[in-house]
Amino acid sequence: MAEPAVKLEGDWQAIGSVVGTASHAAFSFVLKNYRGRVGDVVAVRMRIPSDEAGTEKDSVVWGRVTGISRFNPFFPTEAALELAGENLRPSDTVLSTTRDQVQADCIVLGYTLPGDPTYEFRPLTYPVEPASTVLRPPASALSGLLTGPAGAKEAEVPIGHVASRPDVNVNLRVGPLISRHMAILAMTGGGKTVAARTIIHDLAEKGYPVLILDPHGDYLGFYDNRLKLPKGSSVRVFFPHISLSPENSGIVPVILEKMTAGQTEAQRSALEQLLKDNPITTGHTLGEYFGLLRGKAAQKANSEGGAGQSKASLFVIMRQLSIVEAKLREMGRMNESIRERIRNVEFEQLPDSHRAPSQIISPNQVSILYLGGYDHLTQSTIVSIVLENLFGHRARLDDEIPPFLTVVEEAHNFIPGGTESQEETPSLETLRKVITEGRKFGTGLLLVSQRPSRLDATLLSQCNTFMVMRLVNPNDQNFVRRVMENMSDEDAALLPAFGPGSGIVSGQAVRFPLVVNVDRHQEFESSRMGQEDFLTEAANWEPPRSAAKARESDARQAKRARRRQKRSN
Ligand SMILES: Nc1ncnc2c1ncn2[C@@H]1O[C@H](COP(=O)(O)OP(=O)(O)OP(=O)(O)O)[C@@H](O)[C@H]1O
Ligand SMILES: [Mg+2]
């Protein structure tokens with residue numbers, strides 16, 4: 001093997017030698033001194049055929065360790081069986097127990113030319129050379145490789161570091177992230193919310209507008225710690241207040257259908273007529289509009305007289321309208337009572353996303369829409385209306401709002417797969433539009449889900465960047481593999497073993513798929529939610545005043561009853 005001509009800069013440590021059959025896509029190497037771990041990026045220097053026939057060129061081939069195995073060729077299975085049979089320990093024999101071989105399996109990422117400061121990355125079309133030395137690159141080379149030719153020119157957000165290389169940061173390219181959508185997928189506790197928080201924090205530092213759809217209050221820490229964001233930033237927390245506009249007219253019959261037992265053909269046409277006669281005027285809230293429709297239906301039913309079919313249909317519609325009104329009121333109350341328990345957060349009523357969109361989306365502003373207390377259908381309705389309006393402003397190019405990123409937690413509730421749940425989910429169509437056209441209008445999505453297999457596959461596959469963390473459920477693993485074309489078998493095998501905060505990131509926001517450990521921005525976590533310390537909560541629990549009083553009065557009454565009983569005896 002000819003010695004490569006160009007000397008590489010920095011400290012490239014030799015950590016092993018290529019063994020076995022190597023190809024253009026994968027190779028294995030014997031690892032010395034255990035200097036390597038799964039997820040490590042390694043390099044091999046070798047000569048490969050160049051474009052001019054008969055000539056060769058120097059190259060640095062890059063690989064990522066996908067698995068490590070360990071075996072001792074001097075301790076065969078037969079010996080182990082013999083020892084077990086004789087009840088002997090290996091140390092009592094001449095067998096060697098200290099000559100383990102550690103073998104690492106790698107996938108090939110591509111190659112660069114040695115000394116190329118731009119680290120232009122090319123696909124390898126020639127097999128890796130057996131017996132080549134495997135090198136551990138210095139942090140500077142690995143960082144250069146991750147950044148690529150764009151260098152510092154392109155805006156990036158730091159997300160964490162390469163697994164087992166705390167000295168090498170991983171940054172996501174902002175461009176694809178905010179316009180071409182990203183999905184963070186992991187089972188519960190995998191570190192999705194921590195990762196999303198890290199991304200939001202970095203975007204907020206850049207002043208990029210972010211809207212967070214937050215069903216559990218996981219992001220209220222941004223409000224608590226808003227002063228830690230750069231000067232001029234603001235964090236506003238909204239509670240749902242659904243203002244309608246003519247654009248949302250399609251949603252009204254959907255809600256009425258889904259929140260009640262549905263309508264017959266005759267009832268549906270009565271409803272259609274009612275809606276046609278009483279179109280939404282901008283500014284109606286959902287509840288107000290239902291009330292108005294109910295009044296109009298009553299007027300119409302009374303004016304028709306007799307007991308005709310259309311009168312009967314109108315009565316059914318009226319009843320359904322009042323059921324929906326009551327449900328919406330009840331959920332509104334629930335949201336309010338949860339908000340009352342969340343101290344020190346100034347919740348604001350959600351401004352009208354049609355008439356005052358800049359209240360919600362504005363530079364240097366993180367907006368959190370707190371959806372707690374509402375059922376899935378209503379959450380989906382709210383999200384559909386708000387995003388439909390905001391997207392409309394972007395699509396009309398009316399300059400009302402800047403480009404923005406929407407974070408969708410529990411995304412499987414808003415973009416479900418499976419026809420049955422899709423029918424129940426008004427947000428699906430809206431998000432479909434945002435995903436397919438977001439690139440043109442700067443309306444990116446960050447989807448977060450712990451049940452990937454419940455998401456709509458077609459929509460999910462339109463995300464251009466994925467971060468997949470711990471996934472144990474086989475359905476979820478298979479689904480993710482189907483959706484992410486470039487996930488290899490080796491990478492899929494890593495998914496169940498990831499610890500919290502570790503995962504594979506792949507797609508347009510990075511140059512090649514790699515294993516990262518996500519940075520945790522603990523200062524933006526809320527201290528009041530998500531701790532799940534039920535043991536302490538139960539130990540410190542006291543009954544509410546009213547319940548305690550009720551119990552005292554019950555006890556007094558029982559005492560009196562006993563006394564009466566005694567006297568009468
Ligand atoms: N990058 C990280 N570094 C260190 N610890 C982490 C990291 N990510 C997650 N963790 C730990 O795991 C816990 C759960 O993380 P997180 O709340 O992000 O999970 P999740 O995937 O959002 O779960 P769920 O689906 O239940 O919402 C955190 O409270 C933290 O203790
Ligand atoms: Mg979470």
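This tour proceeds through a predicted model, from its domains to its barrel, its ligand shell and two enclosed strands.

**Domains.** Begin by colouring the chain according to its domain assignment, which gives domain 1 (13-150), domain 2 (156-243 + 350-524) and domain 3 (246-329). Between the C-alpha centres of domain 2 and domain 3 the distance is 35 Å. Next, display the contacts between these two domains: 16 residues of domain 2 meet 12 residues of domain 3. On the side of domain 2 that touches domain 3, four residues are nonpolar, eight are polar and four are charged.

**The barrel.** Now select strands β1 to β6. Six strands close into a barrel here, in the order β1-β2-β5-β4-β3-β6, with antiparallel pairing. From one strand to the next, the twist averages 45°. To inspect one pairing within the barrel, select β4 (residues 56-71) together with β5 (residues 101-112); these antiparallel strands are joined by 11 bridges. A convenient place to centre the view is V61, with Y111 of β5 standing opposite.

**The shell around ligand 1.** Move to ligand 1 and show the 13 residues around it; those that come nearest are G191, K192, T193, P500 and G501. Which helix gives the most to this shell? Select helix α4 (residues 192-205), which supplies three residues. Colouring the shell by class shows four nonpolar, seven polar and two charged residues.

**Strand β15.** Select residues 443-449 next. Strand β15 is largely enclosed by the rest of the structure, because seven of its seven residues are buried. Viewed from one side, the buried residues are T443, L445, L447 and S449, while G444, L446 and V448 are buried on the other. Add strand β9 (residues 182-185), which runs parallel to β15 and is joined to it by four bridges. In this pairing, A183 has L447 of β15 as its bridge partner. Then add strand β14 (residues 404-408), also parallel to β15, with five bridges between the two. Here L405 is partnered by G444 of β15.

**H181.** From β9, step back to the loop that connects α3 (174-179) with this strand, where H181 is found. Although H181 is not a glycine, its phi is positive, at about 75°. Is H181 buried or exposed? H181 counts as buried because it has 28 C-beta neighbours inside 10 Å, the threshold for burial being 20 or more.

**N364.** Select the loop between β12 (347-349) and β13 (365-370) and locate N364. This residue likewise is not a glycine and has a positive phi, of about 60°. With 17 C-beta neighbours inside 10 Å, N364 counts as partly exposed.

**Strand β13.** Continue from N364 into β13 itself. Six of the six residues of β13 are buried, and the strand is therefore largely enclosed by the rest of the structure. Showing side chains separates Q365, S367 and L369, which point one way, from V366, I368 and Y370, which point the other way; all of them are buried. Next, bring in strand β10 (residues 210-214), which is parallel to β13 and connected to it by five bridges. D214 stands opposite Y370 in this pair. Finally, select strand β11 (residues 234-239), joined to β13 by five bridges and running parallel to it. The tour ends at S234, which stands opposite Q365 of β13.

Note on methods
Residues numbered from 1 in each chain as written. Chains lettered and ligands numbered in written order. Predicted model: local features only at pLDDT ≥ 70, side-chain atom pairs only at ≥ 80, totals over all residues. Domains from an automatic or database assignment. Contact = placed C-beta atoms within 7 Å. Nonpolar A, V, L, I, M, F, W, Y, C, P; charged D, E, K, R; others polar. Near = placed C-beta within 6 Å. Pairing = 2+ DSSP bridges. Axes fitted to C-alpha atoms, helices over the stretch in contact; angles between N-to-C directions. Buried ≥ 20, exposed ≤ 12 C-beta atoms within 10 Å, placed from the backbone.
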